[in-house]
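Biologist: Could you take me through one part of this model in some detail? I have the sequence and the coordinates open, so feel free to point at things as you go.

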Amino acid sequence: MDDYWAEHFGAYHGGDDRLDASSDSFWWGYATTVLTEAGPLAGRTVLDAGFGSGAMLHLAAAAGATCTGIDLESAVAAFDDSHPSIDVEIGDLRDTAGWTVDRADVVWCVESIHFVDDPVETAYSLWARVAAGGRLVVTFADSRSPLIEKVRLDHGGRYHGVHPGALDALGRNLPACARFEIRDLRIDADQIVRPFRIGPHDPTARPPHRLLFTALKGA
Ligand SMILES: C[S@@+](CC[C@H](N)C(=O)[O-])C[C@H]1O[C@@H](n2cnc3c(N)ncnc32)[C@H](O)[C@@H]1O
């Protein structure tokens, strides 16, 4: 997993290793954060939109969830689909209407929604995949983040952050949304104690690297 994050983030910090987010502690902390936002998983269904290597699917399955992962063909082909509680399907985040999967109790989209042109619109469409009483967890890049221009260049412009104001509007417009929260994640300059910090969204603070969006659907 270290290699995965080293590849994913390694190019983004421009040689400034204070912003190196490739460590195991970054990954496990990040995964734990998403799992915490997701709430109880035992006996629930999980839809992982953009599952990548599938690490989050395995964590959810280990916690007792029945899981479906959606990703592009290359990720589905690379995934070992032998786990009895995990199913994976080819699907495009830009066309969630074309997915054949059912609604799920928990839908998450981790480090993937930046790759669509309109992350907020995609998050809105993912909300339709959340069952009554369920929740949506999405990690967004903040469009004002100090890292985002480097990442955009790396991806030939196909990388899109969002402004927290757009997420606030999203939460207010989600049908049957009982509650939503936006939280700020900042990668620590000094990663000796911990790789990042998370706190309530603070519009007066310097822009965070990530915005964690969690919305609960009414029963
Ligand atoms: C950085 S990886 C994150 C994977 C995983 N969620 C994680 O956190 O480890 C981004 C994933 O998004 C997927 N992805 C990018 N664009 C996509 C699209 N339009 N539809 C579906 N998946 C997409 C990629 O194939 C890749 O697996």
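Biologist: Which elements do the buried residues of α5 pack against?

Modeller: Happy to walk through that with you, and please keep in mind that this is a predicted model. The buried residues of α5 pack against β1 (45-49), β4 (104-109), β5 (130-141), α7 (164-173) and β8 (210-217).

Let's start with the helix itself. Helix α5 spans residues 119-127, and its buried residues are P119, V120, T122, A123, L126 and W127. These residues lie on the same side of α5, because they cover an arc of only 160 degrees around the axis.

Now to the partners, beginning with β4, one of the strands that the buried side of α5 packs against. D105 is found in this strand. Is D105 buried or exposed? It counts as buried because 22 other C-beta atoms lie within 10 Å, where the cut-off for a buried residue is 20 or more. Leaving aside neighbours within four places in sequence, D105 is in contact with R44, T45, A131 and G134. Of these contacts, T45 belongs to β1, while A131 and G134 belong to β5. Both β1 and β5 are also on the list of elements packed against by the buried residues of α5. D105 and R129 make another pair to look at: 24 residues separate them in sequence, and their C-alpha atoms are 8.7 Å apart.

Next comes β8, another partner of α5. This strand pairs with β6 (residues 177-187) in the antiparallel sense, over 8 bridges. One of the bridges joins C177 to K217 in β8. On β6 you will also find a pairing with β7 (residues 196-200), again antiparallel, with 5 bridges. There, R186 has R197 of β7 as its bridge partner.

For contrast, have a look at helix α4 (residues 73-78), where E73 lies. E73 is exposed, because only 10 other C-beta atoms lie within 10 Å and the cut-off for an exposed residue is 12 or fewer. Its C-alpha atom is 7.7 Å from that of G91, which is 18 residues away along the chain.

To set all this in the whole chain, there are 7 helices and 8 strands, and 37% of the 219 residues count as buried. Among contacts between residues at least 6 apart in sequence, 58% join residues at least 24 apart.

Key. Residues numbered from 1 in each chain as written. Predicted model: local features only at pLDDT ≥ 70, side-chain atom pairs only at ≥ 80, totals over all residues. Helix = DSSP H or I, 4+ residues; strand = E, 2+ residues; numbered from the N terminus. Contact = placed C-beta atoms within 7 Å. Arc of directions from axis to C-beta. Pairing = 2+ DSSP bridges.
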